[in-house]
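User: Please take a close look at the interior of this structure, for a reader who has not met it before. I should like one connected account rather than a list.

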Amino acid sequence: MVTDLKADCGSCFGLCCVALPFSASADFAVDKDAGVPCRNLQDDFRCGIHARLRQSGFPGCTVYDCFGAGQRVSQITFGGRDWRQAPDAAERMFAVFPVVRQLHELLWYLNEALALRPARSLHAELRRLRDETEGLAAGRPEELAELAVAEHRQQVNGLLLRTSELVRAQAPGGRKKSRRGADLIGARLSGADLRGAELRGAYLIAADLRGADLRQADFIGADLRDAQLAGADLTDAFFLTQMQLNAAHGDDATRLPAALARPAHWTDR
Ligand code: SF4
């Protein structure tokens with residue numbers, strides 16, 4: 001089975017809008033506890049302010065990606081029963097959702113790694129871990145609730161790190177100094193040569209990356225909220241997700257990896 005890793009909110013019972021907590025901040029207008037439905041969630045499991053999330057103080061919702069975990073948990077793991085119809089299963093459903101979300105996120109990266117030619121010497125190992133991850137995500141609710149997902153994540157992470165090294169070594173000039181987990185909040189990096197940079201988990205919040213060369217840079221887990229990407233070149237940047245891009249600002253001149261779309265708010269001005 002090939003897992004669908006794109007969120008299909010129409011097949012989900014609004015799990016992210018109920019299961020997850022959030023705190024009043026620049027990302028969310030109000031506090032909400034885990035397991036409590038968001039006040040904007042309608043009876044049909046649609047968001048009542050979907051078209052105006054940013055203007056209504058909920059930009060955090062526009063950058064959240066369940067990687068298709070919502071529809072799997074709703075339609076497969078719990079067989080189409082929603083948490084209103086089956087309140088007895090609600091607690092378990094909300095506990096299982098973040099576990100499956102993590103597994104789907106790992107599947108996303110593993111699939112991307114399998115498309116990276118410089119990492120082909122690792123493809124057999126990547127396929128094995130992808131299949132194992134698929135099997136775990138297909139588990140029964142009680143199996144998923146017990147799963148040591150952090151351990152599995154660590155295993156996948158090790159392989160993704162090796163993948164990254166192989167890919168970045170192919171960048172012109174070879175691998176750059178690691179900026180893994182670096183505090184680059186508000187950093188002035190416009191026009192910088194960051195080809196092949198390791199930006200894994202870097203804090204690039206509001207960083208000025210206008211016109212930067214970010215080809216073959218590893219973006220896994222990087223925080224790009226309000227980063228300025230106008231005119232930047234992200235061709236062949238990898239482990240970069242649509243939600244990371246949605247959190248940043250760019251323009252028509254920003255060059256993107258083929259699999260990602262230009263966020264609408266980059267041009268809606
Ligand atoms: S604002 Fe809308 S998308 Fe965000 S949590 Fe509430 S119902 Fe869900």
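Analyst: A residue is counted as near a molecule when one of its heavy atoms lies within 4 Å of that molecule. The model is predicted, and the account begins with the ligand. By that criterion, the ligand is surrounded by Cys17, Phe22, Cys38, Asn40, Leu41, Cys47, Ile49, Leu53, Phe58 and Cys61. Sorted by class, this shell holds 9 nonpolar residues and 1 polar residue, with no charged residues.

The account now turns to the nonpolar cores. The largest nonpolar core has 29 residues, and those touching the most other members are Leu199, Leu204, Leu209, Leu214, Phe219, Leu229 and Leu234. A second core, separate from that one, has 26 residues, including Phe45, Ala69, Val73 and Val100.

Two members of the largest core show how it is joined. When neighbours within four places in sequence are set aside, Leu199 is in contact with Arg179, Leu184, Leu204, Leu214, Ala217, Asp218, Phe219, Ile220 and Ala222. Leu234 lies in the loop between α7 and α8. Leu234 counts as buried because its relative accessibility is 1%, and the cut-off for buried is under 20%. Beyond its neighbours within four places in sequence, Leu234 is in contact with Leu214, Phe219, Leu229, Leu240, Leu245, Thr254, Arg255, Leu256 and Pro257. Leu234 is also 9.2 Å from Arg195, C-alpha to C-alpha, although the two are 39 residues apart in sequence.

Gln216 is placed in the loop between α7 (149–168) and α8 (242–247). With a relative accessibility of 17%, Gln216 is therefore classed as buried. Its backbone has a positive phi near 55 degrees, in a residue other than glycine. Most residues other than glycine have a negative phi.

Phe67 is another residue that is not a glycine and has a positive phi, of about 55 degrees. Phe67 sits in the loop between α2 (59–62) and α3 (69–77), and its relative accessible area is 3%, so it is buried.

Helix α3 is mostly covered, with 7 of its 9 residues buried. These are Ala69, Gly70, Gln71, Arg72, Val73, Ser74 and Thr77. Two of the residues named here, Ala69 and Val73, are among the members of the second core. The buried residues of α3 are covered by elements that include α4, α5 (123–137) and α6 (141–146). After α3 comes Gly79, where phi is positive, near 55 degrees.

Helix α4, one of the elements covering α3, also helps to line a pocket. The second largest pocket contains about 430 Å³ of space. It is lined by 19 residues, of which Glu112, Leu116, Ala237, Pro257 and Ala259 are closest to its centre. Pro257 is also one of the contacts of Leu234. Helix α4 (residues 87–114) supplies the largest share of the lining, 3 residues. By class, the lining comprises 13 nonpolar, 3 polar and 3 charged residues.

Asn111 is also found in α4. Asn111 counts as partly exposed because its relative accessible area is 28%. Residues up to four places away in sequence not counted, Asn111 touches Leu5 and Arg130. Asn111 and Arg130 are 19 residues apart along the chain, while their C-alpha atoms are 7.5 Å apart in space.

Technical notes
Residues numbered from 1 in each chain as written. Predicted model: local features only at pLDDT ≥ 70, side-chain atom pairs only at ≥ 80, totals over all residues. Heavy atoms only, no water. 1 Å grid on protein atoms, 1.4 Å probe; cavity = no way out; pocket = protein on both sides within 12 Å on 5 of 7 lines; lining within 4 Å. Points joined across faces, edges and corners; volume = space filled by probe spheres on them. Helix = DSSP H or I, 4+ residues; strand = E, 2+ residues; numbered from the N terminus. Nonpolar A, V, L, I, M, F, W, Y, C, P; charged D, E, K, R; others polar. Core = buried A, V, L, I, M, F, W, Y, C linked by side-chain atoms within 4.5 Å. Buried < 20%, exposed > 50% of the residue type's maximum accessible area, 1.4 Å probe, protein only. Contact = heavy atoms within 4.5 Å.
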